[in-house]
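Reader: I am new to this. Could you help me read how the parts of a protein model touch one another?

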Amino acid sequence: MRLSVILPLFLLVFLCGCQQDNATPVPSASNVADEGSLAPVHGDTILQGAIGDASNLLPVLAADSASSDINGLVYNGLVRYDKNLEVEGDLAESWEISPDNLTFTFHLRRGISWHDGQPFTSADALFTYQLYIDPKTPTAYAERYRQVARAEAPDPYTFVVHYDQPLAPALISWSIPIHPKHLLEGVDVTKSPLSRSPIGTGPYRFVEWKAGEKIVLESNKDYYEGEPFIRRVVYRIIPDQATMFLELQSGGIDHMGLNPIQFSTQTATPNFRRNFNKFRYPAFAYTYLGYNQRRPMFQDKRVRQALTHAINKQELVDGVLLGLGQEANGPYKPGTWPFNETVKRYPHDPQKAKKLLADAGWEDHDGDGILDKDGKPLAFTIVTNQGNEQRIKCGEILQQRFREIGVVVKLRVIEWASFLKEFINPGDFDATILGWTVPSDPDSYNVWHSSKTGVGQLNFINFKNPEVDELLEKGRRTLDQAKRKQYYDRFQEILAEEQPYTFLYVPDSLPVVAKRFHGIEEAPSGIMHNFIKWYVPKGQQKYLR
Amino acid sequence: MVPLLIGITLISFIVIHLAPGEPTDLQTQLNPEASAELQQRLRAHYGLDKPLPEQYFNWLGRLARLDFGQSFHQDHRPVLDKILERMPITILINVLSIGLILLVAIPIGIFSATHRNSMFDRATTVFVFVGFAMPSFWLALLLMDYLGVRLGWFPIAGLKSLGFEYLGLGGQILDLASHLVLPVFVSAFGGLAGFSRYMRSNMLEVIHQDYILTARAKGLSERVVILRHALRNALLPVITILGLSVPGLIGGSVIFETIFAIPGMGKLFYDGVMMRDYPLIMGVLVIGAILTLVGNLLADIGYAVADPRIRKAD
């Protein structure tokens, strides 16, 4: 079950869904069967490879990436991220924010209907909000919507929300999929048939789901942005990455994510190049080594800085990712607006590392090759989760590098559920290798604020810095991007100086798509943003029904 | 049998609750949007906030009314539905694979026994042990790459082609059969060794018995001696083993189902354990326990039917 272990959530569900580019004019569907022509036409099927089955197609109940991929095609939010990660309207045509930043008024598009033909109105948006905050709904997403003081639907095409305090991620939080009120009102959501056969407003409508085997969607002819070109989308569930790759080569799959070995060596054949397009861009994720600052040895920032100096990040990128990634120096994705390029860097420098450790009192007094202080050797254990080969390889390389400066490190790999329960939640570990996915909004209050160090909370390394606390509070209460940039730039400088984590690397996303699909456009958000504009030219279509 | 069954469920229940981690942890953990209060709410929703004995008796009470409960997985589906939907394919593959094993292992066993230490005996010994030792996932991947990708003879994974619905009945059967060739072969290959060696040693034992000598002395042909007189007796213990493999029919293999992308019981159970989906785990275990008990009973009855000495001993 590698799937559930892939990423601790910092879920940005709707980013990977289906997002469109309004700038491209919609070509009218032409029925001219021009064999050689590459004009966009409707038709054909795309077979998507999925490692795991979806869990639930009611977005309010689902928290896994397979479900959110599909829900992204079946439902719409009020707003969404465009290809450049700017907020744009989806079901809402436009919106206004009051001068005090406390009231958001959404003006909804008219004439949109649910897949069952019922009209979509603001009552659905209001219902969705009530559904998320209903204590009877077992959802992992209630928190953000409880900060709403009041929501109302004064007329069928206006939806208004009021907050008590300004909240920067408030606007994008309305990218949650809007649920149909007429089918869910007064029903126990956990028993609703919609969780197995959803009805949304999105570009694709649900057709069938064979558990553990496949999920089939069909294009929505009445979609408000025009019918998507690809007629059917089939998610084939293939739990093994090697099998999925074989299926890709034999034509049983058109689109999947590759791993670094597959990308760099196994796809270098002429045959592969003839049939597939590979893409490569930085993922919204990073991997880090976190030092538990409850442990006395990690309370001295010189020790943390020294360990970072002992690490050769490029070596990790080359060894673990086969060069398909880049060094990480902070919690934001390089190239996005919150990213601060000028923070302090720590080049690989064992001598400097030793010196910093000596300054902190760690020297080899007894001549056994291991640094010690007050008679105690500098030794600790890195814990990480089972099922993620890259993290384990990372741990092994770090072990070697730390040994070079006289630090002894043990590596422990533990099954996911036990790993969380026994080590991360109670904060009972020395250091850990884990990853976060990076949200497009820079608000990182839950991960870095000193109030979030309790049992089961996300600041499990117990990082406490009053200035960071203040910056994070200001950052999430300000809507002005230029001001926020100042706060988050300073926040990154402090992290770089303090090194509570050693930020290791940002891996690349490595999707591959069969060559017959045209119109794919790489953008800062990836390739899925214009999925409804992908098409297969008439002469190349493979599946005719 | 009922007390035994309750004993099994009690032990299973205790063991799965000893494993660290709860289903709610996995749904809310490392999710910045989830609060501690939410986790409490989820625990109450699943009834995990009650003391363990109470949880057990609640579960047992529902079971007595044949209610296996709702899965803790985010799909919240009834456990029985999830199990029943995956059972047929698992049973089909296991039956086919046991059939194939018997079909191949019995002749190999007989021939090896009658031609003991011949070239054939040695070659098959090596062959079946290679099969036994070879990791099935590795063999599966090799076969998929060679027969599936390069030669294109068989589909690689899954059970049905796209467009299965549009095929006629004959086409559907052919499609399903071609998807089953590799999985059934791979799962049978590993099981050959045990069975054929077992058959061989039974046979060897039987052909040294006095009644075989008698049969030969009567002037029967070697063919009749071996196939009619010896084989029947040598097969007796094999039938017992078949009885014991009844519960195995619903157990799938995780590795194998994962590689071939077959939605079977093995993967269902494995995912259930990883997610700490208690009702599902208990459901699978109870059905497995019932089948084990039934299998044992069948084996006992089978013994008594086949061997008069056992009947008379009572």
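Author: Gladly! Let us begin with a polar contact, which is a pair of N or O atoms within 3.5 Å. Keep in mind that this is a predicted model.

Reader: How many residue pairs are in polar contact between domain 1 of chain A and domain 2 of chain A?

Author: There are three such pairs, with both residues at pLDDT 80 or more. On the side of domain 1 of chain A that touches domain 2 of chain A, the residues divide into eight nonpolar, three polar and no charged. Across this interface, zero salt bridges are found.

Reader: Where do these two domains lie in chain A?

Author: Domain 1 covers 57-193 and domain 2 covers 285-508. Their C-alpha centres are 36 Å apart.

Reader: How should I read the size of an interface?

Author: It is often given as the accessible area lost when the parts come together. Domain 1 and domain 2 of chain A bury about 920 Å² between them, 56% of it on carbon and sulfur atoms. In domain 1 of chain A, the residues losing the most area to domain 2 are P166(A), A168(A) and P169(A), together 41% of what that side buries.

Reader: What area do chain B and chain A bury between them?

Author: That is about 4,700 Å², with 59% of it on carbon and sulfur atoms. Here 45 residues of chain B are in contact with 64 residues of chain A.

Reader: Which side chains meet in a salt bridge there?

Author: Those of R276(B) and E415(A), at 3.0 Å from N to O. The count between chain B and chain A is one salt bridge.

Key
Residues are numbered from 1 along each chain as its sequence is written. Chains are lettered from A and ligands numbered from 1 in the order in which they are written. This is a predicted model: local features need pLDDT of at least 70, side-chain atom pairs count only at pLDDT 80 or more; totals for chains, interfaces and linings use all residues. Side-chain values use heavy atoms; hydrogens and water are left out. Contact means heavy atoms within 4.5 Å. Buried area is the accessible area (1.4 Å probe) that two parts lose on being put together, summed over both. A salt bridge is a side-chain nitrogen of Lys or Arg within 4 Å of a carboxyl oxygen of Asp or Glu. Domain bounds come from an automatic or database domain assignment. A polar contact is a pair of N or O atoms within 3.5 Å; within protein, one must be able to donate a hydrogen and the other to accept it, and residues adjacent in sequence count only if both atoms are side-chain atoms. Ala, Val, Leu, Ile, Met, Phe, Trp, Tyr, Cys and Pro count as nonpolar, Asp, Glu, Lys and Arg as charged, and the others, Gly among them, as polar.
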